[in-house]
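Reader: Hey, could you walk me through this one? I'm new to reading structures.
Author: Sure, have a look.

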Amino acid sequence: MARMKRKDLLKGPDEFVTTTSSALVWIKEHPAQFAAGALIILCILAGGYGISYWKTSREHTAMNEYVKAMEDSQLTLKVAQDFSDTRAGKLAKLRLARMAFDKGDGRTALSNANEFMDSWSRKDALHWQAALIIAGTYINQKEPAKAVPLLDECIDSASTDLRDQALFLKASALITLGKPAEARQILSAVSGNYQELAKVVTASLGPLPGAKAAIKP
């Protein structure tokens with residue numbers, strides 16, 4: 001097959017002009033079909049813009065309601081129910097989990113914290129806050145073994161402050177499980193605001209096994 005040269009290409013018809021001319025001819029011959037097609041395209045574009053605007057407006061309204069709810073559990077619950085598909089609605093679930101935990105309502109705390117984690121797509125600080133609520137609830141319910149795996153994830157991935165909270169909670173779980181030596185080791189890694197508290201707990205565990213008082217007769 002002979003290789004086509006540039007001058008041969010230049011001699012050929014302009015494909016864009018040919019296609020455009022054919023399209024114009026079709027439009028002239030089928031004006032009704034063209035108008036209908038154009039209307040459908042416009043409706044699709046308008047619909048997409050309308051949905052985007054509605055979602056943005058809904059997110060804004062939901063966040064305003066979330067902020068206004070403050071520490072009111074009933075208003076926060078209303079935000080969670082009315083705006084469950086929004087960021088604010090999901091955050092309302094986390095707030096409800098924390099409120100329930102503070103009141104000692106473990107069942108509600110677990111339910112809301114788990115729902116938040118299922119709906120929240122990122123493993124950020126908010127995700128780990130929910131994880132700590134779940135772990136703390138398990139410990140309070142005398143089920144520390146369920147808390148340890150979740151706390152290990154938090155220790156490996158969370159920021160420093162949340163990591164320290166997870167370390168402290170894990171030490172509490174280990175103490176409840178009858179593992180004071182492991183708890184002592186975990187407490188030694190605690191830093192920041194929880195360090196002094198960790199020292200107090202460590203002291204309450206008593207001397208290390210096998211340690212002897214250095215007192216001369």
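Reader: So what share of the 217 residues in the chain is buried?
Author: Buried residues make up 30% of them; buried means under 20% relative accessible area, with a 1.4 Å probe and protein chains only.

Reader: Where does this model come from?
Author: This is a predicted model, where local features need pLDDT of at least 70, side-chain atom pairs count only at pLDDT 80 or more, and totals for chains, interfaces and linings use all residues. Residues are numbered from 1 along each chain as its sequence is written, and side-chain values use heavy atoms, leaving out hydrogens and water.

Reader: What's the mean pLDDT of the chain?
Author: The mean is 81, and 71% of the residues reach 70 or more. pLDDT is the predictor's confidence in each residue, from 0 to 100.

Reader: And where is confidence lowest and highest?
Author: Helix H1 (residues 6-11) is lowest with a mean of 48, while helix H6 (residues 106-119) is highest at 96. Where pLDDT is low, don't read the predicted coordinates in detail.

Reader: New topic: how many helices and strands are there?
Author: The chain has 11 helices and 0 strands. Those are DSSP runs numbered from the N terminus: helices are H or I with at least four residues, strands are E with at least two.

Reader: Back to H6, how do its axis and that of H7 cross?
Author: The axes of H6 and H7 (residues 125-140) come within 9 Å and cross at roughly 150 degrees. So H6 is roughly antiparallel to H7, a label for angles over 145 degrees.

Reader: Which residues make the contact?
Author: Among them are Ala-109 and Phe-116 of H6, plus Ala-130 and Ile-134 of H7. Contact means heavy atoms within 4.5 Å.

Methods. Buried means under 20% relative accessible area, exposed over 50%, partly exposed in between (1.4 Å probe, protein chains only). Axes are lines fitted to C-alpha atoms, for helices over the stretch in contact, and angles run from 0 to 180 degrees between N-to-C directions. Angles under 35 degrees count as roughly parallel, over 145 as roughly antiparallel, 65 to 115 as roughly perpendicular and the rest as oblique.
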